[in-house]
Amino acid sequence: MTMDNTTVAITTALTTFITGYIFGLYTSRGYLFSPALQAERRANREDPVESEESDVDEGDSLLDHAPNWTNGEAADVKQGLRFGATDAAAGAKPKLTNEECKLVLVVRTDLGMTKGKIAAQCSHATLACYKALASNPDPNSTERKILARWERLGQAKIAVQLKSQDEMLQLCRKARAMGLTAEVIKDAGRTQIEAGSMTVLGVGPAPKSLIDEVTGHLKLL
């Protein structure tokens, strides 16, 4: 009787395990759902819903709106990708102090850009400012020292807002007159906004007190 009971227990356990495994397999693959549910699952797999924040149009590359870093500033300006330093008089270089440095990204909110679009344009402005400071080949230059300090102390980036191109240009001129790095990004016009629209102004990296003289009155984004 003991052997019979053991055999029955083992057989029952194996049967339960195999049945459960098969049931789980069929359930996970949708075989046990109704035809309507199965059709819905197939439709979701074949045609997924894209996020409303998507900022990349079909046929566009991920860097359609970015300056071409291999061309240099003059070529970027010619292609309408960047507002060049030659368009405004540059002042003296900012003094190098022990103060923390930061980069401020001034975003135009009157253009109606989505969050994804703003993020992309801010990235372009950050790279443009970084490239401008890093272009000095002298590692002991003020620009390279400011950049090194900014990198070492956490690469502070602040996003603020304004509502017009004219105001953005005024801030750009003021920053450059103070000797600060100031880069304006122009959009290529392939997705949401008009070609040539000035979207973001990057100011810095530079000592915080100097940056605040230019952008300290603006509200956070």
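Colour the chain by secondary structure and follow it along the sequence: the elements of this predicted model come in the order α-α-α-β-β-α-α-β-α-β-β-α, with seven helices and five strands in the protein.

With the whole protein still selected, switch on the surface, whose accessible area comes to about 13,200 Å², with 56% of that belonging to carbon and sulfur atoms. Of the 221 residues, 33% are buried, and among contacts with a separation of 6 or more, 73% are accounted for by residues 24 or more positions apart.

Next, select residues 165-177, which form helix α6, a run of 13 residues that reaches 18 Å from the first C-alpha to the last, close to the 18 Å expected at 1.5 Å a residue. Begin at the start of α6 by showing serine 164 and glutamate 167, where a side-chain oxygen of serine 164 comes to within 3.1 Å of the backbone nitrogen of glutamate 167.

Then show the side chains of Met168, Leu169, Leu171, Cys172, Ala175 and Arg176, which are the buried residues of α6. Turn the view to look down the axis of α6, and these buried residues fall within an arc of 160°, so they line one face of the helix. An α-helix has 3.6 residues a turn, so residues three or four places apart point the same way. Rotate to the other side of α6 and select Asp166, Gln170 and Ala177, which are exposed there.

Finally, move past the end of the helix to glycine 179, which follows α6 and has a positive phi, near 85°.

Methods. Residues numbered from 1 in each chain as written. Predicted model: local features only at pLDDT ≥ 70, side-chain atom pairs only at ≥ 80, totals over all residues. Heavy atoms only, no water. Helix = DSSP H or I, 4+ residues; strand = E, 2+ residues; numbered from the N terminus. Expected span 1.5 Å × (residues − 1). Buried < 20%, exposed > 50% of the residue type's maximum accessible area, 1.4 Å probe, protein only. Arc of directions from axis to C-beta. Polar contact = N/O pair within 3.5 Å; in protein donor to acceptor, adjacent residues only side chain to side chain. Contact = heavy atoms within 4.5 Å. Areas by Shrake-Rupley, 256 points an atom, 1.4 Å probe, with all protein chains shown as cover.
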